[in-house]
Amino acid sequence: MGTLSGKTAVVTGSTSGIGLAYARAFASAGANIVINGFGVPADIEKERSAIEKEFGVKAVHSPADMTKPAEIAEMIALGEKTFGSVDILVNNAGVQFVSPIEDFPIEKWDMIIAINLSSAFHAIRAAVPGMKKRGWGRIINTASAHSLVASPFKSAYVSAKHGIVGLTKTVALEVATHKITANCISPGYVWTPLVEKQIPDTMKARGLTKEQVINDVLLDAQPTKEFVTVDQVAALALFLTSDAAAQITGANLSIDGGWTAE
Ligand code: NAD
């Protein structure tokens, strides 16, 4: 019996990167899992069935698109219908686009605000009634070091990440007496497909080579000169679901190799 046995976690954007590590960490503690996100169906099925086999829990995949409020509500309903509750909600789906502000495509701005910020509002809105009814809940939002500081050419991402901290604080206050906590985890650079994919655009925007982007832009921000790992981020999320973390709420927890200390 794990510490999360009988509980259900919904993790958005969990077909890859940090989200997948969150899903596997909660499953390792006994939670049933709703994974979500895009990808090749066979790859998603492989991850889903691996969670069931390795951890002896149940896992379903919700194909909900985080730009579509109705699909987000359906994802929460799927968790409640399949497993009886949604006790842990992790808003983690996120995308990046790098461009000078004057060329920033309007549709990219709208997409990033929808996926990285508004989707969390829609999911929290749908999940809170059940959490209140049961008198327990954990809401964890993946923000970023970019929720505390900015970098040039990331106007939409930095705006969405600053925004999700405000949403998290507001929700934390609203649900504070219901044994529900709401917190942000703010990683620095974690080596995932999201980071890998932005390297070519950063090379173009700043006129640098791949090695220069990795060492002079990405790791330059991180005093430890190391990437954060997905397992380190997932371990922090798992701690936030514990009783020891019951009084941590409305917080924005940095895990960034010292980036935002500078
Ligand atoms: P990733 O690209 O590996 O994973 C992103 C996930 O989001 C994937 O599962 C993808 O399918 C899903 N997704 C994208 N668009 C979606 C949509 N419209 N609907 C549903 N799912 C969608 O990225 P990652 O690095 O694991 O990032 C996860 C979160 O962590 C993001 O919010 C990101 O901003 C944040 N973050 C990442 C880093 C980093 O260095 N990697 C640092 C700080 C914060």
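**Exercise 1. Locate Phe153, then state what stands out about its phi angle and how exposed it is.**

Step 1. Place the residue. Phe153 sits in the loop between strand E5 (137–142) and H5. Helices (H or I, at least four residues) and strands (E, at least two) are DSSP runs, numbered from the N terminus.

Step 2. Check the backbone. Phe153 is not a glycine, yet its phi is positive, about 75°.

Step 3. Check the surface. The relative accessible area of Phe153 is 28%, so Phe153 is partly exposed. The scale has three classes: buried is under 20% relative accessible area, exposed is over 50%, and partly exposed is in between (1.4 Å probe, protein chains only).

A word on the source: this is a predicted model, in which local features need pLDDT of at least 70, side-chain atom pairs count only at pLDDT 80 or more, and totals for chains, interfaces and linings use all residues. Residues are numbered from 1 along each chain as its sequence is written, and side-chain values use heavy atoms, with hydrogens and water left out.

**Exercise 2. Do the same for Lys179: which loop holds this residue?**

Step 1. Lys179 belongs to the loop between H5 and strand E6 (180–187).

Step 2. Its phi is near 60°, a positive value in a residue other than glycine.

Step 3. Lys179 has 62% relative accessibility, so Lys179 counts as exposed.

**Exercise 3. Describe the surroundings of Thr8: is this residue buried or exposed?**

Step 1. Find Thr8 in strand E1 (residues 8–11).

Step 2. Read the accessibility. Thr8 has a relative accessible area of 0%, so Thr8 is buried.

Step 3. List the neighbours. Leave out residues up to four places away in sequence; Thr8 then touches Asn32, Val34, Phe83, Ser85, Val86, Asp87 and Ile88. Contact means heavy atoms within 4.5 Å.

**Exercise 4. Work through the salt bridges: how many are there?**

Step 1. Start with the idea. Side chains of opposite charge can pair when their charged atoms come close.

Step 2. Apply the rule. A salt bridge is a side-chain nitrogen of Lys or Arg within 4 Å of a carboxyl oxygen of Asp or Glu. The count by this rule is five salt bridges.

Step 3. Take Arg24 and Glu54. The closest N and O atoms of this salt bridge are 2.6 Å apart. Arg24 is in helix H1 (residues 17–28) and Glu54 in helix H2 (residues 41–55), so the pair ties together parts that are 30 residues apart in sequence. Arg24 is partly exposed at 24% relative accessibility. Glu54 is also partly exposed, at 48%.

Step 4. Take Arg48 and Glu45. Their side chains form a salt bridge of 2.9 Å, N to O. They are three residues apart in helix H2, so about one helical turn separates them. Arg48 is buried, with a relative accessible area of 16%. Glu45 is partly exposed at 38% relative accessibility.

Step 5. Take Arg134 and Asp87. This salt bridge spans 3.4 Å, N to O. The pair links distant parts of the chain, 47 residues apart: Arg134 is in helix H4, and Asp87 is in the loop between helix H3 (69–83) and strand E4 (88–91). Arg134 is partly exposed, with a relative accessible area of 35%. Asp87 is buried at 5% relative accessibility.

Step 6. Look for shared partners. Glu45, Arg48 and Glu52 are joined into one network by salt bridges that share partners.

**Exercise 5. Classify the packing of H4 and H5: at what angle do their axes cross?**

Step 1. Two packed helices are described by the angle between their axes and the distance between the axes. Axes are lines fitted to C-alpha atoms, for helices over the stretch in contact, and angles run from 0 to 180 degrees between N-to-C directions.

Step 2. The axes of H4 (residues 106–134) and H5 (residues 155–175) cross at roughly 15° and come within 8 Å. That makes the two helices roughly parallel. The classes are: under 35 degrees roughly parallel, over 145 roughly antiparallel, 65 to 115 roughly perpendicular, the rest oblique.

Step 3. Pick out residues. Among those in the contact are Trp109, Ile112 and Phe121 of H4 and Tyr157, Ile164 and Leu167 of H5.

**Exercise 6. Classify the packing of H6 and H7: how far apart are their axes?**

Step 1. H6 (residues 193–206) and H7 (residues 210–218) have axes 9 Å apart, at an angle of about 95°.

Step 2. H6 and H7 are therefore roughly perpendicular.

Step 3. The contact includes Val195, Ile199 and Met203 of H6 and Val213, Ile214 and Leu218 of H7.
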